[in-house]
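Thanks, everyone; I would like to take a few minutes to go through one strand and its partners, and then one residue and its surroundings. Please have the sequence and the model open while I talk.

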Amino acid sequence: MSRPKPLSGFPEFLPAGRFVENRVLDVVRATFELHGFAPIETRAVEPLDQLARKGEIDKEIYVVRRLHAEATDADELGLHFDLTVPFARYVLENSGHLAFPFRRYQIQKVWRGERPQEGRYREFTQADIDIVGQDVLASHHDVEIPLVALDVFEKLHKDLGLPPVSLHVNNRKLLEGFYRSLDVEDVTGVMQRVDKYDKIGPAAVIELLTGDLGMSEAQAKACVALAGISAPDESFVDDVRALGVTHELLETGLEELAALIRVARTSVPDRVVADLKIARGLDYYTGTVYETLLVGSEKLGSVASGGRYDSLASDGRTTFPGVGYSFGITRILAPLIGRKALIASRSVPSAVLVAVDSEETREAAIAVAAALRARGIPVEVAPKADKFGKQIRFAERRGIPFVWFGAGHDDSVKDIRTGEQVPADAGGWMPPAADLHVSVGGA
């Protein structure tokens, strides 16, 4: 059989890259739980009509059909393209068993039929957190969510060497109030076009607003002036008011965003920016919105995002408002792993290779390995009896730092990086802490 061609957009890491991903997910999972979020997992497929609720997304959905389905089968299913839509369904189905406000995290694969490019994949891993209330959800949770996100990113930066982040925040109440004060009718349409500000620039946004939506030049320029405001502190409030626009909803949005910036600056200085061009193109966001950039890799765009939604989930009697945040795990890691900006210390978990003198002594080698494993030391036994030099080279190729000799008779262990060899006992010897497990860090 000839070598298969890889499918673009479906990244598969080598073991060293997978170690990096696992360590990152360990930090993410532990931090979520530290903040009181409980794990859930939802099915991979949803009815197509449910997936399409998110907006103009139909072209991105992978449809699932049974190979031998009957022509009369009416089930139309698609792979979920995010974790928010299935979560909304999950809340509706299980609301009688959940305590609200419900704090959930979810780490799963998602699928999108996009054109593959750096940072854009057809299959990738996301990690989401949400806080969902029943009928009401206090606005202070809008402040809490980005603090959890920043806690995750700060730990990944300090412990594993990921680049720092810049978290950009805005509030759609602020935007809607400003646009309505200008007598704009298609508020969602304006938000969707303003959200392209970074990609196409202010002049092109003005053309979209006047050409697509029929806005006047003055209205469009006012919207772009608002989008140009950003600040790492509460000074953005004065900048907005200087535009001479007033509206009750605008004031509410300003107050909520100022509270977020104030708390965030105290908790994690220099990481949060009020950025009034952030709109998030999806129409279910109703309040605070978030986007996150990797410092030094801004060309990737937002690698984590989210916001407040007040009516995504409802059964007609009860509404479940929420606020959430989604980490694009693969989007963050694939470029960093690809250019070796994040690396694992070795490509196997083994800290020790137990050498085999001859096949007659393999059982003794297996016993030594078992004794070491019983004390939490990752070990593998040499696959074949061979000259010790060849077994050492085998360990070197795999990145295993220590080779064990003797297998129960005059045992010794050799650090093959330094050449130091010392007597050892399987019941007491330990490798240095730094060598016990695979470590991950920046190159």
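Before I come to the pairing, one definition: I call two strands paired if DSSP finds at least two bridges between them. Please also keep in mind that this is a predicted model.

With that in place, let me begin with strand β5, residues 102–111. On one hand, β5 pairs in the antiparallel sense with strand β6, which covers residues 123–132, and this pairing runs over 10 bridges; within that pair, R103 stands opposite I131 in β6. On the other hand, β5 also pairs with strand β1, residues 38–39, here in the parallel sense and over two bridges, with A38 standing opposite R104 in β5.

How is β5 placed relative to the rest of the structure? Since buried means under 20% relative accessible area, and nine of the 10 residues of β5 are buried, the strand is largely enclosed by the rest of the structure.

Now let me turn to T288, which lies in strand β10, residues 288–294. Is T288 buried or exposed? Its relative accessibility is 2%, and therefore T288 counts as buried.

Which side chains, then, does the side chain of T288 meet in polar contacts? One is the side chain of D142, at 3.1 Å, and another is that of N171, at 3.5 Å. If we leave aside neighbours within four places in sequence, the residues in contact with T288 include, besides D142 and N171, also N170, L260, G306, G307 and R308.

Key: Residues are numbered from 1 along each chain as its sequence is written. This is a predicted model: local features need pLDDT of at least 70, side-chain atom pairs count only at pLDDT 80 or more; totals for chains, interfaces and linings use all residues. Side-chain values use heavy atoms; hydrogens and water are left out. Helices (H or I, at least four residues) and strands (E, at least two) are DSSP runs, numbered from the N terminus. Buried means under 20% relative accessible area, exposed over 50%, partly exposed in between (1.4 Å probe, protein chains only). A polar contact is a pair of N or O atoms within 3.5 Å; within protein, one must be able to donate a hydrogen and the other to accept it, and residues adjacent in sequence count only if both atoms are side-chain atoms. Contact means heavy atoms within 4.5 Å.
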